[in-house]
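Reader: Please take me through one part in detail, namely the aromatic side chains and their surroundings. I should like each term explained when it is used.

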Amino acid sequence: MCTVCGCGEGEVRIEGAEKRVNGHHHPHEHHPHDHHGHDHGHHGHDHHDHHHGEGQGVHSGQDLHFGQGPARAHAPGMSQARMVAIETDILAKNDGYARINRQRFAEAGILALNLVSSPGSGKTTLLCKTIALLGSRWPLGVIEGDQQTANDAMRIRETGAPAIQINTGKGCHLDAHMVGHAIDHLKPEPFSVLFIENVGNLVCPAAFDLGEAAKVAVLSVTEGEDKPLKYPDMFAAAELVLLNKVDLAPHCDVDLDAYERNARRVNPSVEILRVSARTGEGMEAWLGWLDARRGEALTRAREAAERRLAAISEAQVGRIPA
């Protein structure tokens, strides 16, 4: 995964921004995040260390397992301890930016959702259908993540919702710093719903907090019932699974109950909704879930505002002479 082997290096472009940046280090001027600095510390492999790190290549019969050891990953010539140290450093820096994003969302009453899936699961089509059904009910915004092209952002804009594209180049996921810059350019309205459509990848996005209220995993019925078992980290991190394209189930010879059983084997508390953007099946339940989560975001914003007012009042009282 990119937190230990550095595979996220590459060009990152935010559509509409004047800056073009390389890798995950992009010091834009006048950005509220920048005083933290941003160097994810991508490390080259330790070429003088050619041995397999401890816990690597453990096999059973004819199978090879490279997800053993504390890092649960493998990088040639790098020890498990080194990988754990690098991952800890990268994720700690990302989490700092995520906290800033989360605070901004909370103060503005914005419900931010991180949509994650494999490529081709139908995220963008499902999102377009969702926006069409919501209409003008709530203010909306979309951040689109892809390695290249602005195709998905253009599809979203055709629905009437504002959208900004982040191209990650060789990067395989969005991180909290990229999202912070996108927020600056998109300027989502207070009390809006912000959909962050991550790069199609069921591995690396699981590890990176973007400041979202929840990760929503989109799983197509065409992907196979064992997908949650093959990619457990993502489904363990998700709060909701949208089992998408259920209209195709009769044509794919799949067991929808098996999808749900396997998702709950990984994450017993996960919510699962069966949906189809084409037929509209399950969409009302999905909108109901969004409505409930937006209500929670508004409540948190109201409580935060009350705390700020109380703190101001207390400070003013303290200035009154005895």
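Author: The following paragraphs treat the aromatic rings and their setting.

The model is predicted, so local features need pLDDT of at least 70, side-chain atom pairs count only at pLDDT 80 or more, and totals for chains, interfaces and linings use all residues. Residues are numbered from 1 along each chain as its sequence is written, and side-chain values use heavy atoms, with hydrogens and water left out.

There is one aromatic pair by the rule applied here (rings of Phe, Tyr and Trp, the last by its six-membered ring, with centres within 6.5 Å). Its members are Trp286 and Trp289, whose ring centres lie 5.8 Å apart. Their planes meet at 20 degrees, so the pair is stacked (planes under 30 degrees apart; over 60 is edge-to-face and the rest tilted).

Both Trp286 and Trp289 belong to helix H10, residues 283-319 (a helix is a DSSP run of H or I with at least four residues, numbered from the N terminus). Three residues separate Trp286 from Trp289 along H10, about one turn of the helix.

Are these side chains buried or exposed? Trp286 is buried, since its relative accessible area is 2% (buried is under 20%, exposed over 50%, partly exposed in between, with a 1.4 Å probe and protein chains only). Trp289 has 8% relative accessibility and therefore also counts as buried.

Another tryptophan, Trp138, has a charged partner: Arg137 lies over its face, 5.8 Å from the ring centre (NZ of Lys or CZ of Arg must be within 6 Å of the centre and within 35 degrees of the ring normal).

Notes: Helix = DSSP H or I, 4+ residues; strand = E, 2+ residues; numbered from the N terminus.
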